[in-house]
Amino acid sequence: LEREEPNYFGAGPALLPTSVLQQAAYDLITYEGDNIGIGEISHRSKPAIKVIDDTKANLTKLYNIPDTHEVFFMQGGGTTGFSSIAYNLFANYAHKTGKKGKAAYAVTGSWSKKSAEEAERLGFDVDIVVNTKSEKYGTIPPYSEWKPIDKDTAYLYVCDNETVHGVEFKDIPGPDYLSEGVELVADMSSNILSKQIDVGKYGLIMAGAQKNIGLAGLTIYIIKKSLLEQASDETLRQLNIPIVPIAFHYPTVVKNNSAYNTIPIFTCHILKLVTDKLIEQGGVPAIEKINQEKAKILYEALQAYPDLYSLPVTNPKVRSNMNVVFRLPNEELEAKFIKQAGEKKLAGLKGHRSVGGMRASIYNAVTLDSVKLLVEFVNDFAKANSA
Ligand code: PLP
C-alpha cells in the first residue's frame, strides 16, 4: 500500500505517518500471523492486553511519567473529557474534604470555554479566573493578573493549546499562583507529546488522540493516583454532587486496565505504533526541536509581510507551535490563498468555521519539509499579491 506523501495541515483528525498506517492496515487484516485482525480480537484477549500495556509503557517512557501517576484510556474524545473531569475530580474533592467545592477555569479560547460551560451545565460550581474573550483570545495574561484562586477549589483547568485560536501555554502556574491542594488539570488534545513537560506537576492530563498522535476514538488520561480516590455514591448524593457515570468512572476504568467496557483496540494499536516510532526517533526532546523549528520558520515567513499576513495571536510569547492561525486582508484573498495552495498540493489550510481565516496545523506527523513547502508558498503568494 503506497501513497504520495501528503502535505496536509488539517487540524483534526490529522496526519499520521505513512509507515504507521501501512503497518496498521496490514494488522487490520492479519495480526501477528493469525487469520484475524487486530480490530477483531476480544479486548480482554492476551494480544489486546499487550497492546494496551505496551502503549501505556511507551507513554510512560516518552513523558517520564512518575510512579505517582497512572495512564489510562477511554472513549468519548475531548468533549467527554470535559464532563468526566468535572464528575471525577469533584467526587475526589468530596472524598478529601467532605465538601462539594468548586473549580477554577481559565478561558483562553473556544475549547476551554466549552469545558467550563460543560462543568457548569452539569451543576458544578465554576469560577472563571481569567477570560480573554475581549482580546479575541489573542493572548494569555501573566498569572499575576489572574483572579486569585478561592479556597475550597478542587482544581484549576487550562487548555494547554487552543486548537481554534492558536494560543499555547509556554509555562504552567507554579506555587505562586496555584495554592496547595489545588490540582492542575490540562487539556492537551492538540499538543500531547509535542513538547517536554513535567508530568509530576499535573493532577490530570487529558488528550484526545486524533490530532497529534493517533486516530479518533481514544482519549488519553494521565492522572495522579491519589485523585482516583472518591467519595461513595451515597456520600455524593448527600452532598448533592452528581455521581459519576460508570463508563467514565476513572477508578473503575483504571481497575480494569482501560477495558471495563470495549476499548477500540485498533485505535490503541495505532497509538502504540505512533509512540514506537516517536521513541525510535529520539523521543519528545527530538520531536520538540523539530516542532520548534517548523513553527519558527512559518511564523517568520508570515511576519515578513505584515501588510498582507496578520496574526490574530497578538502576544508572540503564547503563539502555538501546533496551530498557526493567520489572516489576509479580505476573504477574497483568503479564498485565493487556499485555492492556490491546494493547486500546490498544500491542503487543510482553512481556518475553523467559527473564526475563518487560515490555520496551518503542524502536528508531530507534519514534516519539516512540508512546512518548508508551505513557507515557500507563503513567500511566493506575498510577492505576487503585495501592493
Ligand atoms: N479540546 C481541544 C483542545 C480540541 O482541539 C478539541 C477538538 O478539536 C476538543 C477538546 C474536543 O475533542 P473531541 O472532538 O474529541 O470531543
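**Two domains, one sheet and a ligand shell**

In this predicted model, the C-alpha centres of domain 1 and domain 2 sit 28 Å apart. The domain assignment of the chain puts residues 26–279 in domain 1 and residues 282–385 in domain 2. So much for where the two parts lie; what about the place where they touch? On the domain 1 side, 26 residues are in contact with 25 residues of domain 2. Three elements of domain 1, namely α2 (46–63), β7 (167–168) and α7 (265–280), each bring at least two residues to that side. Sorted by class, the side of domain 1 that touches domain 2 holds nine nonpolar, twelve polar and five charged residues.

Helix α7 turns up again when we look at how the helices pack. One of its partners is α2: the axes of α2 and α7 come within 9 Å and cross at roughly 35°, and the crossing is left-handed. From α2, the residues A48, V51, I52, D54, T55, N58, L59, K61 and L62 take part, and they meet I265, C268, H269, L271, K272, T275, D276, L278 and I279 of α7. Split by class, the contact of α2 with α7 is made of ten nonpolar, four polar and four charged residues.

Helix α1 (residues 18–29) packs against α7 as well, at an angle of about 145° and with the two axes 10 Å apart. Here the crossing is right-handed. On the α1 side the contact uses V20, Q23, A24, D27 and L28, while α7 offers F266, H269, I270, L273, V274 and K277. Seven of the residues in the contact of α1 with α7 are nonpolar, two are polar and two are charged. H269 is worth spotting in the structure, since this residue of α7 is listed in the contact with α2 and also in the contact with α1.

Now for the sheet. Seven strands line up as β2-β10-β9-β8-β5-β3-β4 in an open sheet with mixed pairing. Its edges are β2 (69–74) and β4 (126–131), each of which pairs on one side only. Going from strand to neighbouring strand, the turn is 20° on average, direction ignored. Close to one edge, β3 (residues 102–107) runs parallel to β4, and five bridges join the two. Within this pair, V107 stands opposite N131 of β4. Helix α4 (residues 110–121) lies across four strands, β3, β4, β5 (153–159) and β8 (183–187), and runs at about 155° to β3.

Which residues are around the ligand? They are G12, G77, G78, T79, W111, C159, T163, D187, S189, S190 and G208. Helix α3 (residues 77–97) gives the largest share of this shell, with three residues. In terms of class, the shell has two nonpolar, eight polar and one charged residues.

Two spots in the backbone stand out. Most residues other than glycine have a negative phi, and most peptide bonds are trans. The bond from G12 to P13, however, is cis, with omega near -5°. P13 belongs to the loop between β1 (7–8) and α1, and G12 is one of the residues around the ligand. The other spot is K136, which is not a glycine yet has a positive phi of about 55°. K136 is found in the loop between β4 and β5.

Terms used:
Residues numbered from 1 in each chain as written. Predicted model: local features only at pLDDT ≥ 70, side-chain atom pairs only at ≥ 80, totals over all residues. Near = placed C-beta within 6 Å. Nonpolar A, V, L, I, M, F, W, Y, C, P; charged D, E, K, R; others polar. Pairing = 2+ DSSP bridges. Axes fitted to C-alpha atoms, helices over the stretch in contact; angles between N-to-C directions. Contact = placed C-beta atoms within 7 Å. Domains from an automatic or database assignment. Left-handed = near helix turned anticlockwise from the far one by under 90°.
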